[in-house]
Amino acid sequence: RIRLDGVSKRFGTTPVVQDVNLDIADGEFLVLLGPSGCGKSTLLRMIAGLESLSTGRILLDDVDVTATPPRHRDVAMVFQSYALYPHLTVAKNIGFPLRTRGRSRQQIREKVTDVATALGLIEHLDRRPGALSGGQRQRVALARAMVREPGAFLMDEPLSNLDAALRSATRTELTSLHRRLATTFLYVTHDQVEAMTMASRIALLNGGRVEQVGTPSELYDAPRSTFVAAFLGSPP
Ligand code: ATP
Ligand code: MG
């Protein structure tokens with residue numbers, strides 16, 4: 001369970017996230033949706049602990065983690081750029097979070113095999129990221145997040161580097177992975193089609209503020225502002 005309590009962020013004097021209050025239940029697929037520059041990545045990075053807050057609090061399972069470093073938060077981030085280590089094999093990339101947490105070689109090998117099997121990466125374990133397709137890299141990044149068995153996955157536009165066909169296939173894959181893992185997905189995108197097809201709830205951001213939160217059909221059928229209607233293409 002993730003709770004954002006009056007979360008704001010300023011860079012210098014520029015406010016980029018403004019008084020965000022949001023309650024995310026266990027197992028939700030919540031999409032943070034909004035136009036470029038509205039503060040989506042900043043908000044996600046604050047939940048991951050990669051960015052400090054100007055004001056407000058972040059609670060994970062009712063524990064205030066506002067000052068907790070990233071590795072001690074029970075969440076795992078999947079970056080838009082995948083952020084894989086180019087000099088390490090796929091197996092070492094996936095196992096990296098376990099190695100830094102001091103797990104044994106045996107434990108790491110078993111966990112990496114499990115996750116790689118689940119994501120169809122077994123035959124690529126000895127390759128390096130540079131020798132993989134965009135879709136395969138995206139799966140490695142996801143696998144690296146999965147080995148930690150986090151309470152929530154934070155994903156920042158994970159499909160934006162994929163072509164249209166692969167993007168649509170990966171959307172379906174992510175939806176079924178979410179169902180299988182029964183874990184919270186917090187997913188950032190500016191793509192309303194992604195949001196409408198995958199989200200159990202959408203939080204639509206505009207200029208650092210939450211415009212509306214609800215199920216895809218609530219936002220589409222009952223937009224609370226002209227911004228929401230225009231962004232989702234609701235009929236007038
Ligand atoms: P996109 O869809 O393009 O990824 P976004 O919604 O993720 O956009 P953010 O990356 O959160 O937007 O940025 C929100 C605003 O904060 C932008 O105007 C951006 O220029 C500004 N910003 C982000 N990081 C910094 C920083 N480190 N220093 C100053 N300004 C920043
Ligand atoms: Mg962003």
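Is D61 buried, exposed or partly exposed? D61 is partly exposed, because its relative accessible area of 48% falls between the limits of 20% and 50%. The structure is a predicted model, and the values below are computed from it.

D61 sits in the loop that runs between β4 (55-60) and β5 (63-64). Its backbone has a positive phi of about 45°, although D61 is not a glycine. Most residues other than glycine have a negative phi. A second aspartate, D19, also lacks the excuse of being a glycine and has a positive phi of about 50°. D19 is placed in strand β2, which covers residues 14-24. With a relative accessible area of 46%, D19 is partly exposed.

The next stop is the ligand. Which residues lie around ligand 1? They are F11, V16, P35, S36, G37, C38, G39, K40, S41, T42 and E157. Sorted by character, this shell has four nonpolar, five polar and two charged residues. Helix α1, made of residues 40-48, contributes the most to the shell, with three residues.

Some of these residues place polar atoms beside oxygen atoms of the ligand. A polar backbone atom of G37 is 2.8 Å from an oxygen atom of ligand 1. For G39, a polar backbone atom is 3.0 Å from an oxygen atom of the ligand. K40 takes part through its side chain, where an N or O atom is 2.8 Å from an oxygen atom of ligand 1. On its own, ligand 1 has 640 Å² of accessible area, and the protein covers 56% of that.

The aromatic residues come next. How many aromatic pairs does a search of the whole structure find? The search finds five. One of them joins F29 and Y187, whose rings are 5.8 Å apart from centre to centre. The angle between their planes is 45°, and the pair is tilted because this angle lies between the limits of 30 and 60 degrees. The pair links distant parts of the chain: F29 belongs to strand β3 (residues 29-33), Y187 belongs to strand β8 (residues 184-189), and the two are 158 residues apart. F29 is buried, with a relative accessible area of 1%. Y187 is buried as well, at 0%.

Another of the pairs is formed by Y85 and F96, which is tilted too, with 4.6 Å between the centres and 40° between the planes. Y85 lies in the loop between β6 (75-78) and α2 (90-99), while F96 lies in helix α2, 11 residues apart from Y85. Y85 is partly exposed, with a relative accessible area of 29%. F96 counts as partly exposed at 22%, because buried would require a value under 20%. Returning to F29 and Y187, these two form one aromatic cluster together with F153 and F185.

The last residue to examine is H124. It is found in the loop between α3 (105-118) and α4 (134-146). Is H124 buried or exposed? H124 is buried, because its relative accessible area of 9% is under 20%. Its side chain makes a polar contact of 2.9 Å with the side chain of R127. Leaving out residues up to four places away in sequence, H124 touches V90, L132 and Q136.

Methods: Residues are numbered from 1 along each chain as its sequence is written. Chains are lettered from A and ligands numbered from 1 in the order in which they are written. This is a predicted model: local features need pLDDT of at least 70, side-chain atom pairs count only at pLDDT 80 or more; totals for chains, interfaces and linings use all residues. Side-chain values use heavy atoms; hydrogens and water are left out. Helices (H or I, at least four residues) and strands (E, at least two) are DSSP runs, numbered from the N terminus. Buried means under 20% relative accessible area, exposed over 50%, partly exposed in between (1.4 Å probe, protein chains only). A polar contact is a pair of N or O atoms within 3.5 Å; within protein, one must be able to donate a hydrogen and the other to accept it, and residues adjacent in sequence count only if both atoms are side-chain atoms. Contact means heavy atoms within 4.5 Å. Rings of Phe, Tyr and Trp (its six-membered ring) pair if their centres lie within 6.5 Å; planes under 30 degrees apart count as stacked, over 60 as edge-to-face and the rest as tilted. A residue is near a molecule or strand if one of its heavy atoms lies within 4 Å of it. Accessible areas come from the Shrake-Rupley method with a 1.4 Å probe; for residues, only the protein chains shown count as cover. Ala, Val, Leu, Ile, Met, Phe, Trp, Tyr, Cys and Pro count as nonpolar, Asp, Glu, Lys and Arg as charged, and the others, Gly among them, as polar.
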